[in-house]
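Dear colleague,

Please find the structure below, handed over for your consideration. A short account of what was found in it follows.

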Amino acid sequence: MNEINQEEITVRLLYKNLLQYWNNADAKGYASLFADDANLIGFDGSQVNGSAEIEKHLAGIFANHKTASYISIVRQVRFLSPEIVILCAVAGMVPPGKTDINPATNAIQTAVLQKKGSAYQLAVFQNTPAAFHGRPEDAENLTNELRKALELAKDV
């Protein structure tokens with residue numbers, strides 16, 4: 001197993017903070033993790049460009065909807081260079097007032113991060129439905145894996 005270094009810990013923490021800002025319905029905090037010229041591709045295919053627009057977009061969502069909370073598993077952190085990193089994860093969502101994930105909202109998440117000075121920022125974040133068309137066993141396996149992660153998170 002590969003040893004996790006401080007740079008990878010920093011990248012993983014940024015991703016964790018991203019999901020925590022979502023879970024707290026904090027559009028300003030969420031957008032603060034993105035570069036000024038970043039791109040966000042939402043679960044429904046919405047494309048939002050720039051940290052200011054990301055904040056505005058999410059503020060509207062959070063003002064009009066009680067959003068589900070994320071639970072995630074990081075699959076890979078890959079450094080393309082000392083300044084460019086790709087993080088790949090899977091995520092599930094627990095609807096408001098529920099205790100279990102909704103399998104219909106499972107997603108594959110990809111983040112591209114860039115290092116500016118000593119800090120990382122999100123350059124691109126894409127949230128793709130994990131539909132697994134024609135492969136129901138893969139969808140079920142992912143749901144079960146995310147449920148285990150949710151149980152572990154409850155124990156913390």
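Are Trp22 and Tyr70 buried or exposed? In this predicted model, both Trp22 and Tyr70 are buried.

The aromatic residues deserve a description of their own. There are four aromatic pairs in total. In one of them, the ring centres of Trp22 and Tyr70 lie 5.7 Å apart with the planes at 55 degrees, so this pair is tilted; the angle falls short of the over 60 degrees required for edge-to-face. The pair joins distant parts of the chain, since Trp22 belongs to helix α1 and Tyr70 to strand β3 (residues 69-79), 48 residues apart. Through ring pairs, Trp22, Tyr30, Phe34, Phe62 and Tyr70 are linked into a cluster.

Phe62 leads on to helix α3, where the buried residues are Ser51, Ile54, Leu58 and Phe62. These four cover an arc of only 60 degrees around the axis, and therefore sit on the same side of α3. Their packing partners are α1 (6-23), α2 (27-32), β1 (34-41) and β2 (47-49). Ala52, Lys56, Ala63 and Asn64, on the other side of α3, are exposed. The helix itself spans residues 51-64, 14 residues in all, and its first and last C-alpha atoms are 20 Å apart, close to the 20 Å expected at 1.5 Å a residue.

Finally, Pro136 lies in helix α4 (residues 136-155). Its relative accessible area is 57%, so Pro136 is exposed. Between the C-alpha atoms of Pro136 and Phe43 the separation is 20 Å, with their positions 93 residues apart along the chain.

With kind regards

Definitions and conventions. Residues are numbered from 1 along each chain as its sequence is written. This is a predicted model: local features need pLDDT of at least 70, side-chain atom pairs count only at pLDDT 80 or more; totals for chains, interfaces and linings use all residues. Side-chain values use heavy atoms; hydrogens and water are left out. Helices (H or I, at least four residues) and strands (E, at least two) are DSSP runs, numbered from the N terminus. Buried means under 20% relative accessible area, exposed over 50%, partly exposed in between (1.4 Å probe, protein chains only). The expected span of a helix is 1.5 Å times one less than its number of residues. The arc is that of the directions from the helix axis to the C-beta atoms. Contact means heavy atoms within 4.5 Å. Rings of Phe, Tyr and Trp (its six-membered ring) pair if their centres lie within 6.5 Å; planes under 30 degrees apart count as stacked, over 60 as edge-to-face and the rest as tilted.
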